Amino acid sequence: MQTFEMSQLSSLRRAHRRDRILRHSLRLLGSITGLLVLLITLFVLQEAWPALQNLGFIRFWTDGSWHPLEGSFGLMPMVLGSGLIALGATAIATPLGLLSALFCQCYGPPLLVVPYRRLLELLAGIPSVVYGFWGLVVLVPQINRLHPPGQSLLAGTLILSLMILPTVALLAIASLAQIPSSYWQGAAALSLSRWTTLTRIILPSARSGLFTAVVLATGRALGETMAVLMVCGNVVQVPSSVFDPVRSLTANIALEMAYATGDHRAVLFVSGLVLLAIVAGLVVMAEGISNQGMSSESVIVHER
Amino acid sequence: MKKISTIRQYSLGTVAFLMLGLTACAKPPQAANSEGIKLQGNIVLTGSSTVAPLAIEMGKRFEEQHPQVRVDVQTGGSSRGLADTRNGSADIGMVSRSLKPEEGDLTAHAIARDGIAIILHSENPVAELSPEQVVDIYQGQLTQWSDVAGGPTSPITVVNKAEGRSTLDVFLKHFDLKNSEIQAQVIIGDNEQGIKTVTGNPNAIGYVSIGAAEHSIGRGEPLKMLPLDGVSPSTTTLQDGTFPLARTLNLVTQGASEPTAQAFLQFAQSPQVQDLIEQQNFVPIESAPLAPSTP
Amino acid sequence: MSISQRPGLTVTALDRLLGFAMAATVIAVGLGFCWILGAIVAQGLGQISLAFLLAEPSNAGREGGIAPMLVSTLLILGVCLAIALPLGLGTALLLAEFTITDQRLGRLVRRSLDFLAGVPSIVFGLFGNAFFSQVLGLGFSILSGGLTLACMVLPLLIRTTEEGLRAVPPSYRQGAAALGLSQTTTLFKIILPAAVPGLIAGLVLGMGRALAETAALIFTSGYVDRFPRSLMDSGRALSIHIFDLSMNIPGGDARAAASALVLLTLLLLLNLLAGALAQRWANSS
Amino acid sequence: MTTMMSAATTCTQPLLEAKHLQLSYGQQVAFHDVSLPIASGEIMAIVGPSGCGKSSFLSCLNRMSDLVPHCHVQGEIHFNGTNILSPRTDTLLLRRRIGMIFQKPNPFPLSVWENLALPLREHGLVKSQTSRRAFRQAIHQAIEAVLRDVGLWEEVKNRLHSSALALSGGQQQRLCIARALILQPEVLLLDEPCSALDPLASAVVEELMLRLRPRYTQVVITHNLAQAKRIADRIAVFWVQQHKGQLIEVGSTQQIFNAPTHELTAAYVSGGKG
């Protein structure tokens, strides 16, 4: 046994060194991500600065309309537009995505699950312009027959929900996969119904992952540009029904950035900044909710 | 061009390429071309997405004549073209409108003209609109097609262009409108979006580039162009100067250009590229009237 | 008797409703997909030929092929993954495995990621142009485009990978810790191989997002439709080609659909390949 | 450094000794003021009702408690004379010297061979040899020895390279014991090692623990009083009082079962008898 000591000692030293390197490099990698966010925010802020300096922050909320070349910079309708589109899309995509995930992870016959999963993965990879194109050529004329002009909040919401569905579904599948099989077995042993098993046991314990899925998908919906631009009509107004056209903050940037100079350009960056602020608010809110979930979970752990 | 970063570019490029197991091939030193003019290097064009496809085709033909030259065309919009030309990250900017007075530091080189036509769905029985009617429709005073002679009983869907677009500028100027007066139901970006919006909606009215509309009508899409002031829009009437609603497509530069860029500018304005301009549904500049089209 | 049965009956009804909703969802999503795919196939399939895949484009993409775009797309994706995979895997490991020692950093990083996920792609594009193309001097290039895309797919990649790591039973970690195994060994020999399904899910989502992206690439990897000679050359991605053909080129629709079809096939192949490779890796270790 | 004089120190000084140990999760105290010496070579059984802090106590002894978020340990634990709760303690080395077996068998999702070779290589326990082949040979010898030790060799010698997850529960648990033993530890901590096993497999593991008795110091948590009576030299009884776990009595197996001093112990073991 004594003869092993040297090699043991050097192994130990090596192990510690490796761990130290690992820890530091992971910290470095993690910090890069944080730094990236800082860089992007700074960049947008810098570009938006001239407008904020010349116009102040208040005017973007008090101006009645959006005609940046004629000195009127109201962002409110677009904030509302972005919010409504994203909210609507999330509201549609969340149950559909969840049901898809349950189908794939729990109940579907394997013969169908594999192709369905592939389909979801492909759906995630269709360029947004293709969605937009399809929406413009197929969906919008249908809605137009129902209620003109067709380009509307409804069209944008439908297209977007289809686009973020794979994100919700695939992330939900990943978090459902985490549920220990003993939970299922326990529920089955008590001959609990599917409904009770899901609502009382499975979904609560997958809550944090499902929540992440929804937050990421909402973020994606808020950030989507091309498809929204093509099907939403882009009129800057507060919609009075789902058939009214709206403009999102992203579409605003994409539509006008190409021809904007000087102050107009800076003002467009302000709309980007507002979008970032909305996302940041969403993140903080989401964190609050999921922290509540976490703390109740950890209480359970303590009691065990 | 951009000598400062050339070394870094190549070394970075090489390192990254090794990473993927490919080899970067450095460019061989200069060689004289058949005409004896030593043209070489990269020309970078950025700007209007309307001009970009034409510029790419011009660039390809130019590269055939001058094998040592590469023409890189980037899009991003007219304003990007102006900004990049000013800050030097592009040799030539592409702008789909005339330069404004405050842009006097730049030199415009007109390469082609593009007309703007009012379009309707081909099922719409309306055959002509007076300028007053167009104004009323766009201002939201006429909201039903039945208010127009021969029109069906359905609401009008007004399709407008997004703020800042040069087609919008030309349209507003021609009809003496302000953008804030316009009551639109749909606001669009590119021409094709306008065409698809109108072909998908029998009650829509919009305005797009004549070349694009002609192309779509030629392919049998349900679209028609309305005559303006009695002149029917076509590349022919645009070419002979009778059609009033038009804009100029420009290449812009700042100060004196390098010889290669200079040569490309001359090439882009020469008859050698006339077929390319027509191929992309624009009208060559030589035969178009030089006077501004709008009163 | 009848009282005790009543809740049972509602639960059965709920169960039936659940089953019905699930079937309806699958059918609806399937149909929606087939509708979109059908439209693409109907328009584009006739355009696809070997020449289409192997030729350079001409007449602004209305004629010729998409070979340079294919090459550029793969190169951009390669750069994107070469950067995003190590960065994403490392960050996911930090978030999932170092919850005790690096709690504060973890929370900060997670917050950043959720934020990053909501940044619109066009802002990524403008940022990429300002930072990678101009500050770092990469210009319009495949490298610049790939780096921008890497920033964009990071949140998806990391959160999915993190979920995958969390799906690994904690008993493995306990077992390894009780044997005095170093964290490095634990992670690379035990945790990572067991987390492969989650890693693939992240990879597949990330690749899909990267291949589909348009707005972020217009300002970074650019519009040049030639074969790139190096990563410092500008190269047009397929998604941009599709965008240009359908929105900017009159008469480009059919070619756009054909290109979209090629893009989807490419994605399908890459997904299958990733799955197979990862499975092999998991089995071998 | 290693187990050379384990047998000799029995009467002079305990091998492992907890002094006024307290563990809390956040605000909640799991157990407090536990002082328990464990002599070298003995089997110490820890019994008590659920939630009395037995597992938490065991997890302090090899600092596994470090892995639990918000977990705070106060007091001292002396191992071979040094306080292992000191931040300077090398936990990798500590856990090599104090092995742990869990309630549920937890072999890695690797082959039987890799499950054993991985910790062996990690700790450099096989002398580097002149050739790769000789190195492999040495590992093989160590694996065979330890598998024979736990009585698993005959059962798995033909499937060393197939997945360990394919073994039965009892085999998996013995593999986990083998995996701990291959590191030549001085102490084995066993957290209800038989509770997930059927009676037959449980008997095999129990017999194994008895066989390991002279060579390894063992601390075992069990809910099975009969089992404690069969295998333990001494027994420590934990109980919950005022929502905190406490050590209420410790003594030889005979004394605990026949002449318990604490009334709760008496009630507990009599219940166990019945």
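## Exercises on a predicted model

**Exercise 1.** Decide whether A:Gln8 is buried or exposed, and find which residues it is in contact with beyond its neighbours within four places in sequence.

*Solution.* At 7% relative accessibility, A:Gln8 counts as buried, because buried means under 20% relative accessible area. This value, like the others here, was computed from a predicted model. A:Gln8 has its place in helix H1 of chain A, and, once its neighbours within four places in sequence are set aside, it is in contact with D:Arg96, D:His123, D:Gly124 and D:Leu125. Within its own chain, A:Gln8 is 74 residues along from A:Ser82, and the C-alpha atoms of the two are separated by 61 Å.

**Exercise 2.** Work out whether A:Leu38 is buried or exposed, and say which patch it helps to form.

*Solution.* A:Leu38 lies in helix H1 of chain A, which covers residues 5–55. Its relative accessibility is 52%, so A:Leu38 counts as exposed, the cut-off being over 50%. Together with A:Leu35, A:Leu42 and A:Leu45, A:Leu38 forms a nonpolar patch on the surface, with about 380 Å² of accessible area in total.

**Exercise 3.** Find which pair of chains has the most contacts, and describe the interface of that pair.

*Solution.* Of the 5 pairs of chains that touch, chains A and C have the most contacts, with 79 residues taking part from chain A and 82 residues from chain C. About 7400 Å² is buried between chain C and chain A, and carbon and sulfur atoms give 79% of that area. Helix H1 of chain C (residues 2–44) supplies 17 residues, the largest share of the side of chain C that touches chain A. Across this interface there are 0 salt bridges, while 7 residue pairs are in polar contact.

Notes. Residues are numbered from 1 along each chain as its sequence is written. Chains are lettered from A and ligands numbered from 1 in the order in which they are written. This is a predicted model: local features need pLDDT of at least 70, side-chain atom pairs count only at pLDDT 80 or more; totals for chains, interfaces and linings use all residues. Side-chain values use heavy atoms; hydrogens and water are left out. Patches are made of residues with over 30% relative accessible area and no salt bridge: like charges are joined within 9 Å, nonpolar side chains (Val, Leu, Ile, Met, Phe, Trp, Tyr) within 5 Å. Accessible areas come from the Shrake-Rupley method with a 1.4 Å probe; for residues, only the protein chains shown count as cover. A salt bridge is a side-chain nitrogen of Lys or Arg within 4 Å of a carboxyl oxygen of Asp or Glu. Helices (H or I, at least four residues) and strands (E, at least two) are DSSP runs, numbered from the N terminus. Buried means under 20% relative accessible area, exposed over 50%, partly exposed in between (1.4 Å probe, protein chains only). Contact means heavy atoms within 4.5 Å. Buried area is the accessible area (1.4 Å probe) that two parts lose on being put together, summed over both. A polar contact is a pair of N or O atoms within 3.5 Å; within protein, one must be able to donate a hydrogen and the other to accept it, and residues adjacent in sequence count only if both atoms are side-chain atoms.
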